[in-house]
Amino acid sequence: MMVLKTSEELAVMNRANAVVHETLRLVAEAAKPGVSTKELDDLAEDHIRAAGGKPAFKGYRGYPATLCTSVNDVIVHGIPLPTHHLRDGDILGVDCGVVLDGFVGDAAVTVPIGAVSEQAARLLEVTKECLDLAVDVVRPGRRLTDIGAVIQSHAEAAGYSVVRELVGHGIGRAMHEDPQVYNFGPGGRGPELRPGLVLAIEPMINAGIAGVSFDDDGWTARTEDGKLSAHFEYSVAVTENGPWVLGVDGR
Ligand code: CO
């Protein structure tokens, strides 16, 4: 069941996502060669609690941390560890969820650590472009699968592949609401987007093949071929005036 939010509820979700984006900025600034992913997680949790929120991921199906920190061939859901120190040339996906006043905010970025290869920089750029193109689809009257269609066509035109096993989602009082938001497939299908619907759109784009393998920790998702992967995510509301990127767009 898709839950439409009132404008008052969207204002709360905007605040939850503002805390998410503040946290992502702090973490991105602190993410340097030598820093451990656990140090970044502690920084994130402290900031979220100081802002009056709660980490949304911690305890979700037993997930142990505030952030997902996904390095290089890790697509998503990398677990922060005190023994995992970032290195010059890594790419780091940071995914963060915050519960504030009963609503969940969810967003992610992938950032370069030190000096990265041209190929890595291009993958980050194209994946962010996939997200931005998808955001522009979030308008009344467009159809749900138009989102995945623009993501897939942009990623594949650049020679990359789209992860199939993991998808975006509706979001609100629960982190995962209907509908699932595919990052691939034909457009023009599924429900029409309506004002008040909020979607967490999260393209996961691989430099090589699309295949995924999961680590024994039950969380870490990596590329099957060991090549790089990038992930960006926004929580986006459908409004009469078009997309509202919660926590980012001023309103
Ligand atoms: Co999400």
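This is a short walk through one structure, from the overall fold to the metal site and then to single residues.

Keep in mind that we are looking at a predicted model.

Overall fold to begin with. The protein has 4 helices and 15 strands. Its radius of gyration is 17 Å, and the globule rule gives 18 Å for 251 residues, so the protein is as compact as a globular protein of that length. Along the principal axes, the C-alpha atoms fill a box of roughly 45 × 45 × 30 Å. Of the 251 residues, 52% are buried. The accessible surface is about 10,500 Å², and carbon and sulfur atoms own 52% of that. Now contacts. Take those with a separation of 6 or more: 71% of them join residues 24 or more positions apart.

Next, the metal. Which residues coordinate the cobalt ion? Asp-106 through OD, His-169 through NE2, Glu-202 through OE and Glu-233 through OE. The distances run from 2.1 to 2.3 Å. Along the chain, the donors follow the spacing D-x62-H-x32-E-x30-E. Asp-106 sits in strand S5, residues 103–112. Glu-233 sits in the loop between strand S13, 229–231, and strand S14, 234–239. That pair is 127 residues apart, so to speak a link between distant parts of the chain. Asp-106 and Glu-233 are both buried.

What about the geometry of the site? It is irregular, with angles of 83 to 167° among the 4 donor atoms. A tetrahedral call needs all angles between 85 and 135 degrees, so a range of 83 to 167° does not qualify. For reference, the ideal angle for four tetrahedral donors is 109.5 degrees.

On to the helices. Helix H1 covers residues 7–30, which is 24 residues. At 1.5 Å a residue, H1 should span 34 Å; its end C-alpha atoms are 35 Å apart, which agrees. The buried residues of H1 include Leu-10, Met-13, Asn-17, Val-20, Leu-24 and Val-27. His-21 and Thr-23 are also among them. In an α-helix there are 3.6 residues a turn, so residues three or four places apart point the same way.

Helix H4 takes up residues 145–157. For its 13 residues the expected span is 18 Å, and the end C-alpha atoms are 18 Å apart, which agrees. Which residues of H4 are buried? Asp-146, Ile-147, Gly-148, Ile-151, Gln-152 and Ala-155. They pack against helix H3 (118–135) and four strands: S6 (161–162), S8 (177–181), S9 (198–201) and S10 (204–206). Just after H4 comes Gly-159, with a positive phi of about 90°.

Stay with two of those strands. Strand S8 holds Pro-179. The peptide bond between Asp-178 and Pro-179 is cis, with omega about 0°.

Strand S9 holds Val-198. Is Val-198 buried or exposed? Its relative accessibility is 0%, so Val-198 counts as buried. Its contacts beyond four places in sequence include Leu-10 and Met-13, two of the buried residues of H1. Val-198 also touches His-169, one of the cobalt donors. Other partners include Ser-235, Val-236 and Ala-237.

Now some loop residues. Gly-52 is in the loop between helix H2 (37–50) and strand S1 (54–55). Gly-52 is exposed, at 55% relative accessible area. From Gly-52 to Val-19 is 33 residues in sequence, but 9.2 Å in space, C-alpha to C-alpha. Gly-52 to Val-198 is 146 residues along the chain, and their C-alpha atoms are separated by 22 Å.

Asp-88 lies in the loop between strand S3 (74–76) and strand S4 (91–100). At 53% relative accessibility, Asp-88 counts as exposed. Leaving out residues up to four places away, Asp-88 touches Pro-33, Ile-113, Gly-114 and Ala-115. Asp-88 and Arg-189 are 101 residues apart along the chain, with 43 Å between their C-alpha atoms.

The loop between S3 and S4 also contains His-77. His-77 has a positive phi of about 65°, although it is not a glycine. At 24% relative accessibility, His-77 counts as partly exposed. Asp-101, likewise not a glycine, has a positive phi of about 50°. Asp-101 lies in the loop between S4 and S5.

To close, back to the metal: four residues coordinate cobalt, and the site is irregular.

Terms used: Residues numbered from 1 in each chain as written. Predicted model: local features only at pLDDT ≥ 70, side-chain atom pairs only at ≥ 80, totals over all residues. Heavy atoms only, no water. Donors = N, O, S within 2.8 Å, 3.2 Å for Na, K, Ca; no water. Tetrahedral: all angles 85-135°; square planar, octahedral: opposite > 155°, others 65-115°. Buried < 20%, exposed > 50% of the residue type's maximum accessible area, 1.4 Å probe, protein only. Rg over C-alpha atoms; globule rule 2.2 N^0.38 Å. Contact = heavy atoms within 4.5 Å. Areas by Shrake-Rupley, 256 points an atom, 1.4 Å probe, with all protein chains shown as cover. Expected span 1.5 Å × (residues − 1).
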